[in-house]
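Trainee: I have not seen this one before. Can you take me through it, a piece at a time?

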Amino acid sequence: MPADLDKLKGRLQALRAKTVANGCTEEEALAAAAKVAELLDRHDLSLSDLEIREELCATSAVVTNRKQRQPISACVPAIAEYCDCKVWREKDENGRVRYVFFGLRPSIEMAHYVYDVISAAMQTAWQQYADSRRFIRYGRDERASFLLGMAVSIAAKLEAMKARRDEANRVGNGRDLVVVRHAIVDAEYAKLDLNLRQGRASGKKVAAAPFAAGQVAGQALALHPGVGSRRSPD
């Protein structure tokens, strides 16, 4: 199992390098998310329920280097759900926001990966939008509004992809990978006994036109098939 996990992590890192190094589009990010989900599901389908239950849960923190919540926050819960993880937001000792994914080790590796490629896709889309305009009227507000609109759109797509993926993972013998994963993660998560508070709205104004443009950037692309697809971001 450790060797298989190392192999899986190696493939995730190779895919990440291809999609993030030179920037990537949302289409490439969603295709990559579908591909890594397929890799993860194949990995777990090759294991017995007992072997999966023997895997240890762990955490993986994504540090934003920002002291305020960023637009990508709108799709972080969807990323965690897509990867069968838990997630919470906290601040480190320097006051920087970070997102902590909790779950089975292959799942949190996947969550960290999906976060990275979506973040890169959002920056690529914003740059394309900004370059297409003669001037930016709202400055940072316009950028944040565009990215928020795109994050909301991506979250909806991940939720739809997750539903299709779950259906594919309900194998004919009655074994449901989703149920097995969630049972393990829920039990271990309860042991953490975290005292989490519901997040508040940021209170920042949203520029309507850039927000709508961000949504269009997210909605314009068709969903990629999930598990079992022959398409790949390679």
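Mentor: Keep in mind that this is a predicted model. Start with helix 7, residues 177-192: at 1.5 Å a residue, its 16 residues should span 22 Å, and its end C-alpha atoms are 23 Å apart, which agrees.

Trainee: Which residues are buried in helix 7?

Mentor: Leu177, Val178, Val180, Arg181, Ile184 and Val185 are buried there. Seen down the axis of helix 7, the buried residues fall within an arc of 165°, so they line one face of the helix.

Trainee: And what does the face turned away from the buried side carry?

Mentor: That face of helix 7 carries the exposed residues Val179 and Ala190.

Trainee: What follows helix 7?

Mentor: Aspartate 193 does, and its phi is positive, near 50°.

Trainee: Switching topic. How many disulfides does the structure hold?

Mentor: Zero. Cysteine 83 is in no disulfide, and the nearest cysteine sulfur, that of cysteine 85, is 5.5 Å away.

Trainee: Is cysteine 83 buried or exposed?

Mentor: Cysteine 83 has 0% relative accessibility, so it counts as buried.

Trainee: Now the core. Which residues touch the most other members of the largest nonpolar core?

Mentor: That core has 46 residues, and Ile79, Tyr82, Phe101, Val114, Ile118 and Leu158 touch the most other members. The elements giving two or more residues to this core are helix 2 (26-45), helix 4 (76-82), strand 3 (97-104), helix 5 (105-131) and helix 6 (140-168). Helix 5 gives the most, with 15 residues.

Trainee: Why would they gather like that?

Mentor: In soluble globular proteins, nonpolar side chains tend to be buried together.

Trainee: What does tyrosine 82 touch?

Mentor: Leaving out residues up to four places away in sequence, tyrosine 82 touches Ala33, Ala34, Ala37, Met110, Leu158, Met161, Lys162 and Arg165. Apart from the largest core lies another core of nine residues, among them Ile52, Trp88, Leu177 and Val180.

Trainee: How many aromatic pairs are there?

Mentor: The count comes to six. In one of them, phenylalanine 102 and tyrosine 189 are tilted, 6.0 Å centre to centre with 50° between the planes. Phenylalanine 102 lies in strand 3 and tyrosine 189 in helix 7, so this pair ties together parts that are 87 residues apart in sequence.

Trainee: Are those two buried or exposed?

Mentor: Phenylalanine 102, at 5% relative accessibility, counts as buried, whereas tyrosine 189, at 22%, counts as partly exposed. Trp88, Phe102 and Tyr189 form one aromatic cluster.

Technical notes. Residues numbered from 1 in each chain as written. Predicted model: local features only at pLDDT ≥ 70, side-chain atom pairs only at ≥ 80, totals over all residues. Heavy atoms only, no water. Helix = DSSP H or I, 4+ residues; strand = E, 2+ residues; numbered from the N terminus. Expected span 1.5 Å × (residues − 1). Buried < 20%, exposed > 50% of the residue type's maximum accessible area, 1.4 Å probe, protein only. Arc of directions from axis to C-beta. Disulfide = S-S within 2.5 Å. Core = buried A, V, L, I, M, F, W, Y, C linked by side-chain atoms within 4.5 Å. Contact = heavy atoms within 4.5 Å. Phe/Tyr/Trp six-rings, centres within 6.5 Å; stacked < 30°, edge-to-face > 60°.
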